[in-house]
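Hi,

Here is the structure I promised to pass on. Have a look at it first, and my notes follow below.

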Amino acid sequence: MPLLTLPISSSRRATPRNLAVRLDLGGRPFDFSAGQYVLLGQAGGADRCPYSIASAPSEVAASGALEFLIQVDEHGSPGPHLPSLAPGRCLAVEGPAGSFTLPAGLPDADFLFVAGGTGIAPIRSMLVEVLRTLPSARVTLVQAARSPEELSYGDEFRSLAREGRIGLVESVTREAPPGWQGVRGRIAAAHLAPLVGGARTVAFVCGPDSLVEEVPRVLGALGVSNTKTERWAG
């Protein structure tokens, strides 16, 4: 895979456990498909780990930057492969790679995206690309996290929902404050049934093992025959 060295242009706290990190391409083209990942590591180091690109290809072409959602510990560190995520530091970027992508030609279909944890990164890339490429498509997002504060890109998705551009279901599995209007607990058939249109629905599921194992079974029972999955912990 191609290897680049790119500087961090910004790093912001996206959730209590995740940073949204942007890398400046410096005017270089970067061809990838929505949903793909790269390997990131310290510039000059050999240790790299996979991270999905959270930006859509159309956004990268316009901004000249790649965005990633990177989980960190209580000290703000993702691990020894990335000792610092401060702006100005350079990272090694190897890729892109991966087959968890949108179908070629984007069919006339209903798109259902289901994400848990940092699995929202490739899902966001695909969702934004569908909205920009097929603005009249029916698009629904189901996002699950431990608490409302850990719903990454929550403000962005809620804004899209208010504008009527997407349907949105938010689920918290552990800590729901008083007045929470979303789903409490794990995503189940009762939550998914109103969102699917049988054979018209193309589904994409990304997140921890439990989500990726359970949701496709539920969707299959609801008549969804076209589901792509990817496991992404965090």
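R158 sits in helix α3. Please keep in mind that this is a predicted model. With a relative accessible area of 26%, R158 is partly exposed, because the buried class ends at 20% and the exposed class begins over 50%. Leaving out residues up to four places away in sequence, R158 touches P148, L151, L168 and E170. If you would like a long distance to try in your viewer, take R158 and P83: their C-alpha atoms are 33 Å apart in space, with the two positions 75 residues apart in sequence.

Just ahead of that helix there is a backbone detail to look at. Y153 is placed in the loop between β8 and α3 (154-162), and its phi is near 60°, a positive value in a residue other than glycine. Most residues other than glycine have a negative phi, and most peptide bonds are trans. Y153 also counts as buried, at 10% relative accessibility. The second backbone detail concerns a peptide bond: G95 and P96 are joined by a cis one, with omega about 15°. P96 belongs to strand β6 (residues 90-97).

Now for the chain as a whole. It has five helices and twelve strands. Its radius of gyration is 17 Å, close to the 17 Å that the globule rule gives for 234 residues, so the chain is as compact as a globular protein of that length. The C-alpha trace spans about 50 × 40 × 30 Å along its principal axes. Of the 234 residues, 50% count as buried. The accessible surface comes to about 10,300 Å², and carbon and sulfur atoms account for 50% of that surface. How much of the contact network joins residues at least 24 apart in sequence? Among contacts between residues at least 6 apart, the share is 69%.

Two buried residues show what such contacts look like in detail.

- N18 is found in strand β2 (residues 18-24). Its relative accessible area is 6%, so N18 is buried. Setting aside neighbours within four places in sequence, N18 is in contact with R12, R13, L69, I70, Q71, T118 and S152.
- A115 is part of strand β7 (residues 110-116). Its relative accessible area is 1%, so A115 is buried too. Not counting residues up to four places away in sequence, A115 touches I120, I123, V142, Q143, A144, C206 and L211. A115 and S84 are 31 residues apart in sequence, and their C-alpha atoms are 27 Å apart in space.

Finally, the part you may want to open first: the pockets. Rolling a probe the size of a water molecule over the atoms shows where empty space is left. The largest pocket has a volume of about 350 Å³. It is lined by 21 residues, and the closest to its centre are G116, G117, A144, T173 and P208. Which elements give two or more residues to this lining? They are β8 (138-145) and α5 (209-221), and α5 gives the most, with four residues. By type, the lining divides into six nonpolar, ten polar and five charged residues. A144 links this pocket to the notes above, being among the residues closest to the pocket centre and also one of the contacts of A115.

Enjoy looking around, and send me your questions whenever you like.

Best wishes

Notes: Residues are numbered from 1 along each chain as its sequence is written. This is a predicted model: local features need pLDDT of at least 70, side-chain atom pairs count only at pLDDT 80 or more; totals for chains, interfaces and linings use all residues. Side-chain values use heavy atoms; hydrogens and water are left out. On a 1 Å grid over the protein atoms alone, a cavity is a set of points where a 1.4 Å probe fits but cannot get out, and a pocket is an open set with protein on both sides within 12 Å along at least five of seven lines; lining residues have an atom within 4 Å of a point. Grid points are joined across faces, edges and corners, and a volume is the space filled by probe spheres set on the points. Ala, Val, Leu, Ile, Met, Phe, Trp, Tyr, Cys and Pro count as nonpolar, Asp, Glu, Lys and Arg as charged, and the others, Gly among them, as polar. Buried means under 20% relative accessible area, exposed over 50%, partly exposed in between (1.4 Å probe, protein chains only). Contact means heavy atoms within 4.5 Å. The radius of gyration is taken over C-alpha atoms; the globule rule is 2.2 Å times the number of residues to the power 0.38. Accessible areas come from the Shrake-Rupley method with a 1.4 Å probe; for residues, only the protein chains shown count as cover.
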